[in-house]
Amino acid sequence: MSGFLVSLARIGSYRSLPYAVACAVLTVPISPFAFAVAVSVDTDSRVRALLALLALAVLMGLLGLLGPVRRLGIGLANVLLGTAIPAPAGRPDAGSRLRSGLWLALHTALSGILLTVLAFLGLGLLVPAVWLTGGQDSISLFWDDVPLGGWTVPFGIVLLAVAVVLSAGATRGFRTGAEALLGPSESERTAQAERRAAVLSQRNRLARELHDSIGHTLTTSTIQAAAAADLVEADPAQVRRALGTIEEASRSALEDLDHVLGLLREEPAAKAPTRTLAEVDVLAVRAREAGLDVRLAVTGPVAALPATVSREGYRIVQEGLTNALRHAGPGAVDVRVEAGPDRLGIAVVNALPGDGPRTGRRGLAGLAERVEALRGELDAGPDGQQWRLTASIPLRAGA
């Protein structure tokens, strides 16, 4: 009860009136047809009025079967009632059309009843006004002359309270009906969920690509630039090699960035760079030039791996070396790539820093998504005084 009283105090509780008026405005173009139906029936005027309202509701319901009219109904509900019904994407199905037609018919009928009742209540409020101004001693009420007196003031208060409660209740009813009948159907909800999942999947994919490529390049370039600054006078040859590494890594990152931007712009010609485990030695060389003591061991027919598995394997090694560049303690970094007959195994092992294990959470999360998509297994964490990153990917997942 208290919640209902609180809702009465809110301005939004009285949105039913403009919503009903909007419906009345929409019925103007087809009102002549509805009145023609009512006039054609030889009966009492009040029955004709009811028939006209019924004909209006039926005609509006038929219009509600049209997709554009459904969109208009959703827009009006969101603006005038404060609902949050999502706009339909694509053509509505038959069930949605029927529900929107039913709602438009109900909306028309209920709006007509609400406006009629509120109009009568408004006329009833004139009773105390007439008595207070002393204009006359009686008034025609309910087809009889009723003497005016002090009773008119509480009578007007009661009518006003009824109008307020009726308007608030109608607002709740309109909102409930609009959300139930104009809201998305089960198939539309499923389609929306699939579209959202596709968008999130694409975002995660782009985030992984940017993190793996740009993050690795920035880490390598930063370390190389710092080393070059220290050796600019003592060892110019080493500085040139460092600058060459930065240039090569930057070119590679630009290719990745161009690919990601193409995906964001939905360019059909945006081709993914084809970096595979066949180029894993390039990653090792860059890491060595950045200061890591990388010991790379590759066994098995890496060149014969499925393309998808080989690309993801390249990213796994890249992320492992990037984390080692950032956080590894002193000592060698062991990288092992084993291409077996039915499974690819990757391991990147480095010493832990003196202040304990640290690694990029985003990078590991991205790797976990990559490996999971290939039905593989990923494990990363401290192992004694070492940090161990291992991945095992079945080759059938990339076929």
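Trainee: What makes β5 and strand β7 (residues 386-394) count as a pair?

Mentor: In this predicted model, β5 and β7 are joined by nine bridges, in the antiparallel sense. A pair needs at least two bridges, so the nine between β5 and β7 qualify them as one. One example is Gly345, whose bridge partner in β7 is Ser392.

Trainee: How do you know that β4 and β5 pair?

Mentor: By the same rule of at least two bridges. Strand β4 (residues 332-339) and β5 have six bridges, so they pair, in the antiparallel sense. Among the residues involved, Val337 has Ile346 in β5 as its bridge partner. The connection from β4 to β5 is a hairpin of three residues.

Trainee: Why is strand β5 (residues 343-351) called largely enclosed?

Mentor: A residue is buried when its relative accessible area is under 20%. Seven of the nine residues of β5 are buried, and therefore the strand is largely enclosed by the rest of the structure.

Trainee: Turning to the rings, why is the pair of Tyr19 and Phe174 called edge-to-face?

Mentor: The whole structure has two aromatic pairs. In the one formed by Tyr19 and Phe174, the ring centres are 5.2 Å apart and the planes stand at 70°. Centres must lie within 6.5 Å, and planes over 60 degrees apart count as edge-to-face, so this pair is edge-to-face. Tyr19 belongs to helix α2 and Phe174 to helix α8 (residues 152-182), and 155 residues separate them along the chain. Both Tyr19 and Phe174 are buried.

Trainee: What makes Trp103 and Phe174 an aromatic pair?

Mentor: The distance of 6.2 Å from centre to centre falls within the 6.5 Å limit, and the 85° between the planes is over 60, so this pair is edge-to-face. Trp103 lies in helix α6, and the pair links parts of the chain 71 residues apart. Trp103 is buried, as is Phe174. Ring pairs link Tyr19, Trp103 and Phe174 into a cluster.

Trainee: What lines the second largest cavity?

Mentor: The structure has two cavities of 30 Å³ or more, and the second largest has a volume of about 70 Å³. Its lining includes Tyr19, Trp103, Arg70, Gly64 and His107. Helices α2 (16-26), α5 (67-81) and α6 (94-124) each give two or more residues to this lining.

Trainee: How is the lining of the second largest cavity divided into nonpolar, polar and charged residues?

Mentor: Seven are nonpolar, four are polar and one is charged. Gly counts as polar and Arg as charged, so Gly64 falls in the polar group and Arg70 in the charged one.

Notes
Residues are numbered from 1 along each chain as its sequence is written. This is a predicted model: local features need pLDDT of at least 70, side-chain atom pairs count only at pLDDT 80 or more; totals for chains, interfaces and linings use all residues. Side-chain values use heavy atoms; hydrogens and water are left out. Buried means under 20% relative accessible area, exposed over 50%, partly exposed in between (1.4 Å probe, protein chains only). Helices (H or I, at least four residues) and strands (E, at least two) are DSSP runs, numbered from the N terminus. On a 1 Å grid over the protein atoms alone, a cavity is a set of points where a 1.4 Å probe fits but cannot get out, and a pocket is an open set with protein on both sides within 12 Å along at least five of seven lines; lining residues have an atom within 4 Å of a point. Grid points are joined across faces, edges and corners, and a volume is the space filled by probe spheres set on the points. Rings of Phe, Tyr and Trp (its six-membered ring) pair if their centres lie within 6.5 Å; planes under 30 degrees apart count as stacked, over 60 as edge-to-face and the rest as tilted.
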